[in-house]
Structures are given as C-alpha cells and as structure tokens.
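Reader: I'd like a close look at one part of this model. Pick a charged pair, and then follow the chain from there into the core. Keep it brisk.

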Amino acid sequence: MTVLLYTHQSCLEHDPGEGHPERPERLSAVLDALAAPIFSALDLREAPLATSDQLNLVHNRAYVEQILFGIPSLGKLQLDHDTVVSPGSGEAALRAAGAVCAAVDAVMEGTAKRVFCAVRPPGHHAEPNRAMGFCLFNNIAIGAAHALDMYGIERLAIIDFDVHHGNGTQIIFAQETKVLLVGSQQMPLYPGTGTRSEVGVGNIVNMPLAPGSGGKEFEVQWRTHGLPRLVSFEPDLILLSAGFDGHRDDPLSQLNLVGADYAWLTNEIVEISERSAGGRIISSLEGGYNLAALSDACAAHVAALL
C-alpha cells in the first residue's frame with residue numbers, strides 16, 4: 001500500500017526568527033525521523049506551489065495578495081504578536097498549501113491511499129482574511145475545499161488533534177454540511193475557542209481537554225464523542241490536522257500525551273477510513289515544538305498510516 005510523503009526544501013526557508021517556537025528545525029527533526037529504515041516504504045514527492053484558484057477557495061483574494069506581496073525582501077515582518085514572515089515565507093506557505101492539494105489529487109486519482117505532508121508553516125489557525133497563530137494559509141482547509149470543488153466529495157471529514165483549537169478551519173466550514181470537523185484541544189488555551197457549544201450547523205464536534213489530561217482522558221473523549229461521530233458520518237475522504245503539541249514534553253501546552261496516544265488515534269482513524277473512504281487519508285503537519293517529542297510522536301503517527 002503506497003503512502004506518499006510530500007515536502008519541500010523551501011518549507012525550511014520560512015524563518016520567524018531566533019527563539020520563535022515555529023522554527024525550521026521542527027521540519028528538519030520530522031524529516032530526520034522519517035528517514036529511518038522503517039519508513040523506507042514512503043514515496044517521497046516534491047510539494048508543488050498552490051495556485052491562486054486553490055488559495056481563493058478559502059481565502060479572500062485581497063488577503064492572499066496582501067500576504068504574498070507583503071513578504072519582505074530582507075529581514076522580518078511581524079503580522080501579529082506571534083506570526084512573523086521572512087523572505088522565504090511566501091514560497092514556503094505556497095508549498096505547504098500546495099502539498100495538501102497535491103495529496104488530494106493523488107488519493108482521489110488512485111496514486112496512493114494515504115499521504116503525510118511534512119510542511120510548514122502550519123495552517124489551522126488561518127482565517128479567510130487573517131493570519132494568526134504562526135499560520136498564513138489554512139493548508140488543510142484549502143485541501144478540503146479543493147477536494148469538494150474538483151472531485152465532488154459529498155462527505156469529507158477533518159480531524160484536528162493539535163493541542164490548540166483549529167479556529168480558522170472551524171470558521172471556514174462552520175456552515176458546510178458536506179464537512180464534518182472533529183477536534184480535541186486543551187482548554188483553556190490559545191486561541192480561546194473550541195467549546196462543546198460550538199457546533200456549526202451540527203457538523204462540528206469539539207472535545208475540550210483540561211490541563212493535565214493524558215492519554216486516558218484523550219482516549220475517553222475520542223471513544224465517546226469523536227470516533228462514533230466519524231463512523232456515523234461515513235466520510236468519503238479524511239483529512240488530518242496533525243499537531244503533536246499535546247505531547248507531555250511540549251513547551252506550549254499542559255497535556256500529557258505520548259507517541260503511543262497518537263499512534264492509537266491514527267490506527268482508529270485508519271480502520272474507520274477503510275470502511276467508508278477506501279482507506280483515503282491525508283495528514284498535514286501542524287504544531288509540535290519540542291524537537292524530540294515532535295520526532296517521536298510524528299514517527300508514531302506516520303508508522304500507523306503505513
């Protein structure tokens with residue numbers, strides 16, 4: 001069974017500056033982990049540039065132009081208190097979004113069943129006209145919109161297990177009945193959204209986790225709320241916002257997850273995907289800011305995809 005790995009050297013050129021958590025070394029750590037012999041079956045592909053049409057499925061045209069034309073030729077530009085761009089950020093963001101769209105094409109055309117996109121900057125906080133939370137373009141939402149637009153998908157599920165709520169993805173799809181969005185996140189924590197009462201048009205399932213929660217609490221929420229909803233939805237395609245910052249060693253959160261917890265959830269999603277989606281899963285890297293923890297958790301996730 002073919003599993004593709006989309007990435008690009010340009011994603012290392014996005015540099016928010018010294019001391020910033022979302023640093024290029026994150027992607028290097030992931031790629032080093034995935035270079036181990038147990039991942040030899042991964043089929044490495046170069047992430048293409050997202051097109052304007054793909055970006056505009058999710059983001060306002062004026063916003064896309066503002067981001068891309070505003071990339072500095074030298075130095076850094078601060079977009080908000082924690083989102084910074086550098087000369088390499090524009091191409092990195094286009095490659096990150098382009099990877100997920102190419103992954104959609106690959107699984108829908110039968111080239112592969114599953115894909116992992118090792119890209120940065122992350123995306124799930126980006127709103128239609130706003131960069132935030134280290135994110136410029138909402139990679140997973142762009143890929144999902146591409147799948148709906150190009151392939152007529154009727155039931156698309158987005159699973160988000162990043163420790164921070166994917167507010168941008170929720171805003172984008174809150175009124176879209178063809179999309180089910182299921183996510184677990186620590187609360188309280190940035191960006192302050194993701195309560196159980198946020199249900200969209202009945203297509204959103206939020207599972208807040210209290211600080212200090214570990215694998216047991218994580219599994220209870222997913223077994224009780226997330227996975228049954230995914231099963232009943234019977235998705236034709238599953239996309240994952242794969243954030244690993246709920247790891248017990250991550251500096252930006254207070255959960256106590258380990259690699260085995262991410263492997264467990266991934267295995268459950270793989271099993272469900274085989275029942276209704278032909279096994280089709282696309283996963284894209286979101287958060288994870290301790291390099292050793294990120295390497296461990298991401299490797300466990302991709303091993304489960306394999």
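Author: In this predicted model, the side chains of R155 and D236 form a salt bridge, with N and O 3.2 Å apart. The two partners are distant in the chain: R155 sits in the loop between α5 (139-151) and β6 (156-160), D236 in the loop between α7 (215-233) and β9, 81 residues apart. Their surroundings differ in exposure. R155 is partly exposed, at 31% relative accessible area. D236 has 17%. The limit for buried is under 20%, so D236 counts as buried.

Now follow the chain from D236. Strand β9 covers residues 237-242, and it pairs with β10 in the parallel sense over five bridges. Within that pairing, S241 stands opposite S284. How does the chain get from β9 to β10? The path runs through helix α8 (residues 259-276), and the β-α-β crossover is right-handed.

Take β10 itself. The strand spans residues 281-285, and five of its five residues are buried. Side chains in a regular strand alternate between the two faces of the sheet. Here both faces are covered. I281, S283 and L285 are buried on one side, I282 and S284 on the other.

β10 has another partner. Strand β5 (residues 114-117) pairs with β10, again in the parallel sense, over four bridges. R114 of β5 stands opposite I281.

R114 deserves a stop. This arginine lies in strand β5 and is buried, at 5% relative accessibility. What does its side chain reach? It comes to 2.8 Å from the backbone oxygen of L305. A polar atom of the R114 side chain also lies 3.1 Å from the backbone oxygen of G279.

Helix α1 (residues 25-33) packs here as well. Its buried residues are R26, L27, A29, V30 and A33. Down the axis of α1, these fall within an arc of 160°, so they line one face of the helix. That pattern has a simple basis: an α-helix has 3.6 residues a turn, so residues three or four places apart point the same way. The buried residues of α1 pack against β1 (3-7), β5, β10 and α9 (291-305). R26 also belongs to a network of salt bridges with E22 and R120.

Back to charged pairs. The structure holds twelve salt bridges. One of them joins K76 and D15, whose closest N and O atoms are 3.7 Å apart. K76 is in the loop between α3 (61-69) and β3 (77-78), D15 in the loop between β1 and α1, so this pair ties together parts 61 residues apart in sequence. K76 is partly exposed at 44%, and D15 is partly exposed at 30%.

E91 and R95 make a local pair. Their salt bridge has an N to O distance of 3.0 Å. They lie in helix α4 (residues 89-108), four residues apart, about one turn of the helix. E91 is partly exposed, with a relative accessible area of 35%. R95 is buried, at 13%.

One last buried polar residue: Q186, in strand β7 (residues 179-186). Its relative accessible area is 1%. The side chains of Q186 and Q254 share a polar contact of 2.6 Å. Beyond its sequence neighbours within four places, Q186 is in contact with V163, L209, P211, S253, Q254 and L255.

Definitions and conventions. Residues are numbered from 1 along each chain as its sequence is written. This is a predicted model: local features need pLDDT of at least 70, side-chain atom pairs count only at pLDDT 80 or more; totals for chains, interfaces and linings use all residues. Side-chain values use heavy atoms; hydrogens and water are left out. Buried means under 20% relative accessible area, exposed over 50%, partly exposed in between (1.4 Å probe, protein chains only). Helices (H or I, at least four residues) and strands (E, at least two) are DSSP runs, numbered from the N terminus. Two strands pair if DSSP finds at least two bridges between them. A crossover is right-handed if, with the strands pointing away from the viewer, the path from the first strand over the helix to the second runs clockwise. The arc is that of the directions from the helix axis to the C-beta atoms. Contact means heavy atoms within 4.5 Å. A polar contact is a pair of N or O atoms within 3.5 Å; within protein, one must be able to donate a hydrogen and the other to accept it, and residues adjacent in sequence count only if both atoms are side-chain atoms. A salt bridge is a side-chain nitrogen of Lys or Arg within 4 Å of a carboxyl oxygen of Asp or Glu.
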